[in-house]
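Here is a quick walk through one chain, starting from a single residue and working outwards. Have the model open while you read.

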Amino acid sequence: MAGEENILQLDRITKRFGRVPVADEVSLTVRAAEFVGVVGPNGAGKTSLFSLISGDLAPDHGDVTLDGQSVLRMGPEARCRRGIGRTYQIPRPFERMTVFENVLLGAQAGAGLRRHAAYAHTWGVLELTGLVADTNRPSGQLGLL
């Protein structure tokens, strides 16, 4: 059945800072077309978990697989090109660049796209997010709308 294949799997991921566990044998499966939320109080390890998935932190034990292939030996850039993206709580766009240029930079640096493919992807993202009308607006002005 469509949508049943596992896209992302965490298998007993463990990370400690000294004696303090931030992830203790966490296992998780995300299937195609599935949305998963991670909730918990401050200090519960949510940010650390996303850092383990994105490659910003290396686990002490366990495995992270994407489409059935381990990504543990890949750095954050390689994981991003494979489809594991990460955002932070406070976005920091390049304020003097246009909205289009910011998204294009993500398509080129994050997705590794070039030329026409990068422009087409950027336009698709702008359409998907409803930002087409702001394409040529400096990103620093978006909060002023």
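Is Ser-54 buried or exposed? Ser-54 is buried, with a relative accessible area of 7%; buried means under 20% relative accessible area, exposed over 50%, and partly exposed in between (1.4 Å probe, protein chains only). Before going on, note that this is a predicted model, where local features need pLDDT of at least 70, side-chain atom pairs count only at pLDDT 80 or more, and totals for chains, interfaces and linings use all residues. Residues are numbered from 1 along each chain as its sequence is written, and side-chain values use heavy atoms, with hydrogens and water left out.

**The overall layout**

The chain has four helices and four strands, and along the sequence they run β-β-α-β-β-α-α-α. Helices (H or I, at least four residues) and strands (E, at least two) are DSSP runs, numbered from the N terminus. Along the principal axes, the C-alpha atoms fill a box of roughly 50 × 35 × 25 Å. Of the 145 residues in the chain, 26% are buried. Contacts (heavy atoms within 4.5 Å) reach well along the sequence: taking those with a separation of 6 or more, 50% are between residues 24 or more positions apart.

**Ser-54 and its helix**

Ser-54 sits in helix α1, residues 46–54. Its side chain makes a polar contact of 3.3 Å with the side chain of Asp-56. A polar contact is a pair of N or O atoms within 3.5 Å; within protein, one must be able to donate a hydrogen and the other to accept it, and residues adjacent in sequence count only if both atoms are side-chain atoms. Leaving out residues up to four places away in sequence, Ser-54 touches Pro-76, Arg-79, Ile-84 and Arg-86.

Ser-54 has buried company in α1: Ser-48, Leu-49, Ser-51, Leu-52 and Ile-53 are buried as well. The cover over the buried residues of α1 includes β1, β2, β3 and α2. After α1 comes Gly-55, with a positive phi near 95°.

**Two cores**

Next, the nonpolar cores, each a set of buried Ala, Val, Leu, Ile, Met, Phe, Trp, Tyr and Cys residues joined through side-chain atoms within 4.5 Å. The largest has 13 residues, and those with the most contacts inside it are Leu-8, Leu-10, Ile-13, Ile-53, Val-64, Val-71 and Ile-84. Two or more residues of this core come from each of β1 (6–17), β2 (20–31), α1 and β3 (61–66). Apart from it lies another core, of six residues, among them Phe-100, Leu-104, Ala-107 and Ala-118.

Leu-10 is worth a closer look. Not counting residues up to four places away in sequence, Leu-10 touches Val-26, Ser-27, Leu-28, Leu-49, Ile-53, Asp-63 and Val-64.

**Two pockets**

Here are the pockets side by side.

| Pocket | Volume | Lining | Nearest the centre |
|---|---|---|---|
| Largest | about 1400 Å³ | 31 residues | Arg-86, Thr-87, Tyr-88, Asn-102, Gly-106 |
| Second largest | about 380 Å³ | 18 residues | Leu-8, Val-30, Phe-50, Ile-53, Gly-85 |

On a 1 Å grid over the protein atoms alone, a pocket is an open set of points where a 1.4 Å probe fits, with protein on both sides within 12 Å along at least five of seven lines; lining residues have an atom within 4 Å of a point. Grid points are joined across faces, edges and corners, and a volume is the space filled by probe spheres set on the points.

For the largest pocket, α2 (76–82), α3 (99–110) and α4 (115–129) each supply at least two lining residues, and α3 gives the most, with eight. That lining divides into 18 nonpolar, nine polar and four charged residues. For the second largest pocket, β1, β2 and α1 each give two or more residues, with α1 giving the most, at four residues. Its lining has twelve nonpolar, three polar and three charged residues. Ala, Val, Leu, Ile, Met, Phe, Trp, Tyr, Cys and Pro count as nonpolar, Asp, Glu, Lys and Arg as charged, and the others, Gly among them, as polar.

**Two loop residues**

Arg-73 is in the loop between β4 (69–70) and α2, and counts as exposed at 87% relative accessibility. Ala-111, in the loop between α3 and α4, is partly exposed, with a relative accessible area of 34%. Setting aside neighbours within four places in sequence, Ala-111 is in contact with Arg-81 and Gly-106.
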